[in-house]
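Open your viewer, switch to a cartoon view, and keep the selection box handy. We will go from stop to stop, choosing a few residues each time and looking at what is around them.

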Amino acid sequence: MVKPVTKAVFPVAGLGTRFLPATKSIPKEIMTLVDRPLIQYAIDEARAAGITDFIFVTSRGKSALEDYFDRAPELEHALEEKNKDKLMEVLESTNMPSGAISYVRQQQAMGLGHAVWCARRLIGDEPFAVLLPDDVIMADEPVLAQMIEAHNEIGGCMMAAMEVEPEAASAYGILDVDNRDGNVVNVKGMVEKPPMGEQPSNMAVIGRYILTPEVLDELHETEAGAGGEIQLTDAIAAQIGKDPGVSGLIFDGERYDCGNKGGFLQATVAFGMARSDLGPDFRAYLRGLDFGG
C-alpha cells in the first residue's frame with residue numbers, strides 16, 4: 001500500500017541574482033507572471049494535486065514571501081466596501097489556512113539537496129513532493145497531479161521528465177531509462193549535465209519530484225561535493241536498484257524555465273495569450289508588431 005502524498009517542499013532560499021536589480025528588494029518567487037507571482041502557480045498546482053501541508057525552505061530577506069500568503073484585512077475591507085466581489089475572489093485564492101504553511105531557514109547556500117534536508121523534521125516518515133517554482137508548467141491536468149496518480153500505482157521515487165534536443169542535454173540532469181510503460185519510464189541511472197554527446201538518453205529532469213523518506217536519510221549522510229553543494233540527484237540515484245526504485249513520468253504539458261529572463265518572457269506571452277480576458281487583445285497586439293528587424 002503506497003502512502004498518500006500530502007506534504008510538499010518548496011525550496012525558495014535562492015538570491016535570484018539572474019533577475020537583479022529587481023531581486024534586490026523582492027524575492028524572485030514574488031515576481032509576477034501576468035498577474036500572479038511565480039510561487040502562486042506552484043501552490044495552486046500542489047493544492048490541485050491534494051497537497052495539504054506546504055513547507056517553504058527560505059532564507060534571509062524572504063519576509064515578503066511569507067506575507068503574501070497571509071490575510072490582508074485592510075485590503076479585504078476596502079474591496080468589500082466597494083462591492084468588488086471578483087477581486088475578493090482573486091484575493092481569497094492567495095490566502096492559506098492557519099498552519100498549512102511552515103517555514104524553515106536554509107542558513108547556508110549548500111544546494112537543492114541541502115534545502116530539502118532542512119525540511120526533514122517537518123516531512124517525517126512519509127513520501128513527499130518537491131516543487132521548484134522556477135519551473136512553471138501549462139497543463140490541462142496539473143503535473144504534480146499526474147505524478148501522484150502514477151505514484152499511487154508504483155510508489156518509490158518519481159521525477160517529472162521531458163524530452164529535450166540532444167544539444168540541450170548538457171543543461172539538465174539526464175535519465176538513463178528502460179522499460180517504458182505509457183508515460184512512466186524505469187530509471188536505471190542519472191547523469192547531471194552530461195557533456196555533449198555523452199548523454200544516456202534525451203529524458204531530462206525538471207523541477208517536480210515525489211520522494212521517499214529514505215532520500216532524507218541519504219542526504220543526511222551525503223557530503224558537500226563540487227561547489228560546496230549537496231546534490232539532490234545523488235540522493236535519488238542511491239535509490240536506484242532498490243524496491244520500489246526510481247521512475248520518471250513524461251508529463252503532459254508545456255514547461256517554461258522562469259529561472260532565466262528568456263524563459264520568463266516566453267511564459268508571460270504564453271500565459272497572457274491563454275487568458276480569456278487578455279488573450280484576444282494581446283494576440284491582436286502581437287500580430288501588429290513588426291518582427292522584420
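## First stop: a surface patch

Start by selecting Phe 291, which counts as exposed because its relative accessibility is 65%. This is a predicted model, so keep that in mind at every stop. Phe 291 lies in the segment after helix 11 (279–288). Now add Tyr 285 and Leu 289 to the selection: together with Phe 291 they form a nonpolar patch on the surface, with about 350 Å² of accessible area.

## Second stop: into the core

Next, select Phe 10, Ile 39, Phe 54, Phe 56 and Leu 144. These have the most contacts inside the largest nonpolar core, a set of 40 residues. Colour the elements that build it: strand 1, helix 1 (38–48), strand 4, strand 6 (128–131), helix 7 (143–154), strand 8 (157–163) and strand 11 (203–211) each supply at least two residues. Which helix gives the most to this core? Helix 7 does, with six residues.

Stay with Phe 10 and show its surroundings. Leaving aside residues up to four places away in sequence, Phe 10 touches Ile 39, Ala 42, Ile 43, Ala 46, Phe 54, Ile 55, Phe 56, Val 57 and Leu 131. There is also a second, separate core of 32 residues, which includes Leu 211, Val 215, Leu 216 and Ile 236.

## Third stop: helix 8 and its two sides

Two of those names lead on to the next selection, residues 213–221. This is helix 8, and its buried residues are Pro 213, Val 215, Leu 216 and Leu 219. Look down the axis of helix 8: the buried residues fall within an arc of 145°, so they line one face of the helix. As background, an α-helix has 3.6 residues a turn, so residues three or four places apart point the same way.

What covers the buried residues of helix 8? The cover includes helix 5 (112–118), helix 6 (120–123), strand 6, strand 8, strand 11 and helix 9 (232–237). Now turn the view around to find Asp 217 and Glu 221, exposed residues on the face of helix 8 that is turned away from its buried side.

## Fourth stop: salt bridges

The structure holds 12 salt bridges, and we will visit a few of them. Side chains of opposite charge can pair when their charged atoms come close.

Select Lys 62 and Glu 29 and show their side chains. They form a salt bridge whose closest N and O atoms are 2.9 Å apart. Lys 62 lies in the loop between strand 4 (53–58) and helix 2 (63–68), and Glu 29 in the loop between strand 1 (7–11) and strand 2 (32–33), so the pair ties together parts that are 33 residues apart in sequence. Are these partners buried or exposed? Lys 62 is buried, with a relative accessible area of 5%, and Glu 29 counts as buried at 5% relative accessibility.

Move on to Arg 275 and Asp 35, another salt bridge, with the closest N and O atoms 3.0 Å apart. Arg 275 sits in the loop between helix 10 (261–274) and helix 11, and Asp 35 in the loop between strand 2 and strand 3 (36–37), so this pair ties together parts that are 240 residues apart in sequence. Arg 275 counts as partly exposed at 25% relative accessibility, and Asp 35 is partly exposed with a relative accessible area of 47%.

For one more pair, select Arg 71 and Glu 76, where the closest N and O atoms of the salt bridge are 3.3 Å apart. Arg 71 is partly exposed, with a relative accessible area of 45%, whereas Glu 76 counts as buried at 11%. Then go back to Arg 275 and add Asp 277: salt bridges that share partners join Asp 35, Arg 275 and Asp 277 into one network.

## Last stop: the backbone

Switch to showing backbone atoms. Most residues other than glycine have a negative phi, and most peptide bonds are trans.

- Leu 20 to Pro 21: this peptide bond is cis, with omega near 10°. Pro 21 lies in the loop between strand 1 and strand 2.
- Asp 243 to Pro 244: this peptide bond is cis, with omega near 10°. Look for Pro 244 in the loop between helix 9 and strand 12 (246–250).
- Val 34: phi is positive, near 65°. Val 34 is in the loop between strand 2 and strand 3, and is partly exposed at 28% relative accessible area.
- Asn 179: phi is positive, near 50°. Asn 179 is found in strand 9 (residues 173–181), and is exposed, with a relative accessible area of 61%.

Conventions: Residues are numbered from 1 along each chain as its sequence is written. This is a predicted model: local features need pLDDT of at least 70, side-chain atom pairs count only at pLDDT 80 or more; totals for chains, interfaces and linings use all residues. Side-chain values use heavy atoms; hydrogens and water are left out. Patches are made of residues with over 30% relative accessible area and no salt bridge: like charges are joined within 9 Å, nonpolar side chains (Val, Leu, Ile, Met, Phe, Trp, Tyr) within 5 Å. Accessible areas come from the Shrake-Rupley method with a 1.4 Å probe; for residues, only the protein chains shown count as cover. A salt bridge is a side-chain nitrogen of Lys or Arg within 4 Å of a carboxyl oxygen of Asp or Glu. Helices (H or I, at least four residues) and strands (E, at least two) are DSSP runs, numbered from the N terminus. Buried means under 20% relative accessible area, exposed over 50%, partly exposed in between (1.4 Å probe, protein chains only). A nonpolar core is a set of buried Ala, Val, Leu, Ile, Met, Phe, Trp, Tyr and Cys residues joined through side-chain atoms within 4.5 Å. Contact means heavy atoms within 4.5 Å. The arc is that of the directions from the helix axis to the C-beta atoms.
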